[in-house]
Amino acid sequence: MEPVARLIDVSHRYGGVTALEAVTLDIPSGGMAGLIGPDGVGKSTLLALVAGVRRGQTGQIESLGGSMGQRAHRAAVAPRIAYMPQGLGRNLYPTLTVTENLQFFGRLFGQGAAERDARIAMLLEATGLAPFPDRPAGKLSGGMKQKLGLCAALIHDPDLLILDEPTTGVDPLSRRQFWELIDRVREARPGMSVLTATAYMEEADRFDWIAALDAGRVIATGSPEELRTRTGADSLEGAFVALLPEEIRSRHKAVPSLPRPQSGGRIAIEAEGLVKRFGDFTAVDHVSFSIPEGEIFGFLGSNGCGKTTTMKMLTGLLDPTEGTTKLFGRALGRADMAARLGIGYMSQAFSLYSELTVRQNLVLHARLYGVAPARRLARVAEVMAEFDLAEAADAMPESLPLGLRQRLQLAVAMIHEPPILILDEPTSGVDPVARDAFWATLMRLSREKGVTIFISTHFMNEAARCDRISLMHAGRVLDIGTPEDIVARRGAESLEAAFIAALEAEAESPAPAPEDARPASAEPTPHKRFAAGTRLYAYSWRETLELARDPIRLFFALLGPVILMLAMGFGISFDVDRLSLAVLNQDQSAASHRLTEGFTAIPQFALAPPFASPADLPDRMGLGAVALALDIPEGFERDLHRGDVPEIGLTFDGAMPFRAQTAQGYALGVLQDYAQKAAVEEGLGTTSPVGFETRYLFNQTFESANAMVPSVLMLILMLVPAVMAAVSVVREKETGTIANFHATPVSRIEFLIGKQLPYLALAWISFWVLVILGLTVFSVPLSGNLVALGLAALAYVTATTGFGQLISAFTRTQVAAVFATAVISIIPTVNFSGLVVPVSSLGDGGRLFGLAFPGAWFQPVSVGTFLKGFGWTEALSATAVLGLFAATYLVFAIISLPKQER
Amino acid sequence: MRRLRNILWLTGKELRAIRGDRVMLVLIAYIFTLAVWLVSDAGSTEVDHLATAVVDEDRSQLSARLIDAIQPPLFAPPVVLSAPQAQAAQRAGEAILVLTIPPDFERDLHAGREVTLQILVDATAVAQAGNGASFLRQTLSQELSEALSPGAESSDLVTVVMRNFFNPNLTSSWFSAVMQLMNNVTILMLILSGASMIREREHGTIEHVLVMPVRPHEIVVSKIVASGAVILTASLLSLVFVVQGAMGVPIAGALWLYACGAAIYVVAVASLGLLLASFTRTMGQFGLLVIPVIVLMILLSGGMTPLESMPDWLQGLLRTISPATHFVIFAQAVLYRGVGFSLVWPEMVMMAGMAAVAVVIVLARFRKVLAG
């Protein structure tokens with residue numbers, strides 16, 4: 001039979017790290033094929049390459065009978081492949097409900113409304129999600145998320161279903177239900193091939209065919225049975241270890257199963273009736289247990305069942321809503337510093353400082369835990385030897401393999417030799433050899449040093465090594481006892497079966513067992529062009545829903561412009577008035593008073609207390625309290641009448657050049673007026689025969705706000721929509737939902753325009769809100785055609801959102817997108833688009849730079865429509881140019897956004 | 001004692017973290033060197049190369065002389081246009097000032113008749129148009145009096161001796177360079193302190209620290225101290241070597257006094273950055289929140305346009321909530337006007353008060369956020 005996928009000599013590298021090394025593999029079709037191996041051996045890369053989600057580097061990759069290197073083939077098979085990336089609900093949208101998520105995926109495959117509804121109803125029924133159609137995906141348990149992810153993958157009846165570690169972090173019951181579901185789907189669609197990866201060796205037993213991977217190479221293929229016989233191991237995990245290269249295998253030591261010495265029977269940890277509520281959600285519901293000193297206590301349960309919350313309460317990180325914790329008989333109080341010295345804690349994710357080396361991390365923790373200075377270095381050396389970290393002492397933690405990093409975390413947790421260790425899933429994702437080494441260390445700590453260890457895990461073989469375990473579900477402890485007792489009590493064959501039995505007894509409803517899981521549909525695929533519209537709409541619709549449910553983004557998009565407009569409209573004012581004027585009138589004559597009055601008569605000057613001598617001036621001006629000082633000498637009037645041309649002094653505070661310049665302008669005006677009046681009324685001097693008539697056009701009252709509001713409109717509609725649009729694309733990269741773009745038939749142009757439309761609409765609404773604000777709050781006169789300006793604004797926001805999308809193609813993180821967009825857009829908009837400096841005053845370079853951005857084209861139309869009576873002629877020509885900007889940005893964004901991951 | 005030691009060690013850790021962040025270091029270096037120089041050289045609110053058009057209906061020697069008098073740097077070389085052309089140019093924003101010299105201007109003038117020169121101003125260029133018009137009048141008057149009575153002593157009624165304190169030639173880069181430096185302190189401080197908190201929350205390291213015998217305030221203080229020290233040092237170096245050294249802007253006041261005030265300001269802004277960070281979960285959200293705050297703080301600090309031009313209620317509000325307004329007053333007084341401690345202490349007290357309030361709010365928020 002033709003293989004469903006074939007790899008010939010495929011290698012793949014990320015930077016200098018090799019993910020796959022010369023892999024040649026035929027994956028059989030029509031069955032369940034699995035990749036096994038620990039984290040980071042290249043499983044995900046292989047799956048992504050087969051799915052066409054990632055672009056191949058070297059070697060030949062064929063899926064469903066054609067080369068994935070060919071664009072035409074990828075486009076042709078995209079609707080036949082379903083890809084579910086790694087991570088709980090990673091390709092789902094957490095704020096969207098179950099149904100909304102599935103509606104989105106249905107639309108991505110161009111399905112019509114009736115077809116979608118029918119399929120969704122069927123899938124929800126089949127997976128047991130039917131009772132929760134309106135629950136947001138983010139609020140589902142891990143198992144339910146994965147079922148929803150499976151629904152999303154199955155919505156278009158794929159021929160090849162690719163699942164990347166679909167059950168990691170899911171409880172045993174949900175895990176079993178998940179695989180049963182897959183079996184039922186396969187019964188209904190016998191031709192479908194399933195390709196999956198898993199880190200749980202027990203699960204791999206149900207696959208028809210397995211490829212074992214290690215360090216980017218395939219080390220064995222065959223059925224589970226074949227692998228076991230070939231290696232002579234009794235479990236698949238044993239078989240895997242046996243297949244590893246000699247040098248790795250030699251490091252493997254079986255975990256010694258040492259008996260626990262009878263200790264004095266002191267109780268190390270005692271929890272009584274612990275309750276933690278977040279709002280009306282009870283995360284931990286009356287949990288009690290007591291753990292004697294030196295015991296290894298295992299804590300089992302699915303993701304989100306309250307394990308981590310319980311552990312955080314034991315460490316004092318969270319205060320319980322009810323109940324108490326006692327450590328060695330002493331109640332744990334709020335912010336209990338002494339108790340913290342007695343606990344070593346290791347959180348689920350790597351939580352040491354990645355910017356410090358291994359040694360620096362250890363030293364910092366030794367200091368913070370108050371290890372005595374004399375003993376500090378010795379202690380650091382001790383743990384480095386004990387946990388085998390000496391070679392990596394000066395390495396950065398991020399460069400270390402996962403197993404070594406976990407040892408470092410444990411070393412840090414042990415630096416102050418605490419009698420209690422609390423470890424939250426320390427071995428998640430670690431390969432079997434390193435996991436066993438880790439457990440050997442735990443055994444030694446417990447048995448030799450009497451350390452009490454409280455550990456949570458998903459691995460049943462680890463649970464079996466604990467002295468006692470507790471099973472937790474939905475915030476409650478279901479059972480506590482030694483592994484053997486629990487198995488016996490439930491009458492089960494294995495610990496896993498016992499766990500499942502306990503969970504099933506708890507389940508609100510029995511596991512769904514629908515008779516027909518066939519998500520089939522007889523409806524024909526819709527017309528191609530219509531499908532493109534549906535896919536585009538899928539993104540617009542989803543973006544709108546997500547935005548509506550994200551308070552921070554919504555705040556920025558809607559209130560941001562209003563706040564900025566109010567602040568800038570009121571705040572950026574060039575209306576210099578009430579400039580404080582201090583006078584030193586040494587003449588005290590009628591003429592000198594008349595001169596002073598000339599200044600105070602206009603609103604631009606306000607009289608400040610007079611100054612006594614010129615020597616006082618620097619101090620008076622020191623705090624900016626005096627903008628201008630007038631010094632009228634003694635004998636001013638006398639000289640004036642004699643025609644001796646008296647000399648007066650005007651001193652300006654030059655600290656703010658703009659203010660000084662304005663004050664100079666007004667002062668010169670006052671003096672000219674004074675001379676004119678003196679000439680006419682008293683016959684002093686000569687009148688100039690030339691008069692000046694200065695007329696202020698377009699803004700007769702010469703108010704800042706009239707000109708600033710339309711200009712600021714340009715600035716705000718550049719900044720906010722561009723940042724929003726950039727974030728919307730980069731967010732998908734960061735959260736992982738970009739996988740849906742890579743894995744479905746949606747095209748780049750549909751994706752970009754679909755995501756742009758909601759922001760464009762929002763920005764255009766913002767435009768009208770800002771216009772209303774300008775007309776009402778700032779009373780800006782309107783002399784032109786507002787409808788025409790509206791059209792230009794539509795073109796402008798299309799261009800600015802397009803600009804944001806272009807930036808997003810080059811940025812990977814949201815924070816980079818925000819700042820890059822802001823920095824790149826603000827400089828040309830503020831400096832070179834006529835906001836403060838008229839474009840006509842700029843040099844050629846500045847002018848061209850400004851004109852290379854849409855702001856410089858929109859600003860004249862905006863100002864012109866309000867103040868200069870602009871109409872359709874001006875607006876239409878600007879609209880044309882802005883439209884060209886929008887089109888250019890779109891084209892470049894399409895070119896720079898790869899449809900495949902690299 | 002123990003607390004002080006914890007703060008010290010955590011501060012050391014923060015400094016190492018900043019040192020490890022290449023992108024941030026490059027950004028800091030760029031912003032305090034090139035960016036200060038670039039932006040202070042760019043657009044300003046002063047009259048500079050104002051586009052002027054002349055409608056010369058006289059076409060006499062005198063009118064040509066007047067046109068020649070309109071010169072850079074205040075004005076761009078004038079363009080002579082017909083009346084309708086000039087009207088169109090002004091409407092299109094290509095000419096801010098339009099001077100109209102009436103027909104028979106020179107003849108009428110020599111005949112002793114009163115004549116009027118018309119100046120039309122595009123009042124949408126609010127920053128430059130008003131000053132530009134008065135400078136144009138001034139320029140023309142001078143040229144006229146020289147043309148009409150060459151060599152004569154000034155026909156003015158009084159002589160005006162104009163002096164500008166602190167910046168004799170009103171060089172705008174003196175002003176904008178220092179203001180730009182202050183804007184940069186605000187921007188980087190907000191981002192650096194906020195980012196240091198969010199990075200820890202995103203990486204889960206904050207939890208790890210909190211299970212240790214370390215109190216939340218020790219973490220907060222260490223972050224403020226570390227990021228504040230970096231920015232303060234960078235800004236002082238930039239002031240001395242870039243602004244004073246490379247750009248030649250004279251610094252009037254005592255550097256130590258400025259450093260003290262800047263240290264207080266840096267604490268206030270760092271606390272504000274941490275406060276904003278406590279409302280967000282990811283760097284992306286933080287960015288969306290911090291950008292409007294940065295824009296508002298800078299535009300309304302009084303460093304862009306004079307504080308006293310703002311409405312009274314806004315001035316009052318800003319003086320109460322924004323440390324930036326006080327820092328601008330303080331910095332202008334110390335750096336430009338060479339004022340001593342005896343005059344600026346009230347501004348320093350205001351900034352210190354705001355910093356204290358911000359730190360207290362951050363600590364309260366911080367406990368709450370970590371509990372949730």
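**Exercise 1.** In which sense do strand β19 of chain A and β20(A) pair, and over how many bridges?

*Solution.* Begin by noting that the model shown above is a predicted one. Next, find strand β19, which covers residues 468–473 of chain A, and follow its pairing with β20(A), which is antiparallel and extends over 5 bridges. As a check on the register, look at A:S470, which stands opposite A:I480 in β20(A).

**Exercise 2.** Describe the sheet of chain A whose strand order includes β19 and β20, and then the helices that pack on it.

*Solution.* First, write down the order of the strands, which is β16-β17-β18-β13-β19-β20 in chain A; these 6 strands form an open sheet with mixed pairing. Second, identify the edges, which are β16 (343–346) and β20 (476–481) of chain A, since each of them pairs on one side only. Third, consider the twist: neighbouring strands of this sheet are turned against each other by 15° on average, with direction ignored.

Fourth, turn to the helices. Helix α11 of chain A, residues 307–315, packs on the sheet and touches β13 (296–300), β16, β17 (420–424), β18 (452–457) and β19 of chain A, while its direction makes about 155° with that of β17(A). Helix α18 of chain A, residues 483–490, also packs on the sheet, touching β19 and β20 of chain A, and its direction makes about 110° with that of β20(A).

**Exercise 3.** How many residues does each chain bring to the contact between chain A and chain B, and which helix gives the most to the side of chain A?

*Solution.* Count by chain to begin with: chain A brings 109 residues to the contact and chain B brings 108 residues. On the side of chain A that touches chain B, helix α25 (residues 657–682) gives the most, with 13 residues. Sorting this side of chain A by class then yields 65 nonpolar, 30 polar and 14 charged residues.

Finally, look for pairing between the chains: strand β25 of chain A (residues 690–697) and strand β4 of chain B (residues 115–122) run parallel and are joined by 8 bridges. Within this pairing, A:V690 stands opposite B:V115 in β4(B).

**Exercise 4.** Into which domains is chain B divided, and how far apart do their C-alpha centres lie?

*Solution.* Start with the bounds: domain 1 of chain B takes in 2–43 + 170–371, whereas domain 2 takes in 52–148. Then take the C-alpha centres of domain 1 and domain 2 of chain B, which lie 47 Å apart.

Terms used:
Residues numbered from 1 in each chain as written. Chains lettered and ligands numbered in written order. Predicted model: local features only at pLDDT ≥ 70, side-chain atom pairs only at ≥ 80, totals over all residues. Domains from an automatic or database assignment. Pairing = 2+ DSSP bridges. Helix = DSSP H or I, 4+ residues; strand = E, 2+ residues; numbered from the N terminus. Axes fitted to C-alpha atoms, helices over the stretch in contact; angles between N-to-C directions. Contact = placed C-beta atoms within 7 Å. Nonpolar A, V, L, I, M, F, W, Y, C, P; charged D, E, K, R; others polar.
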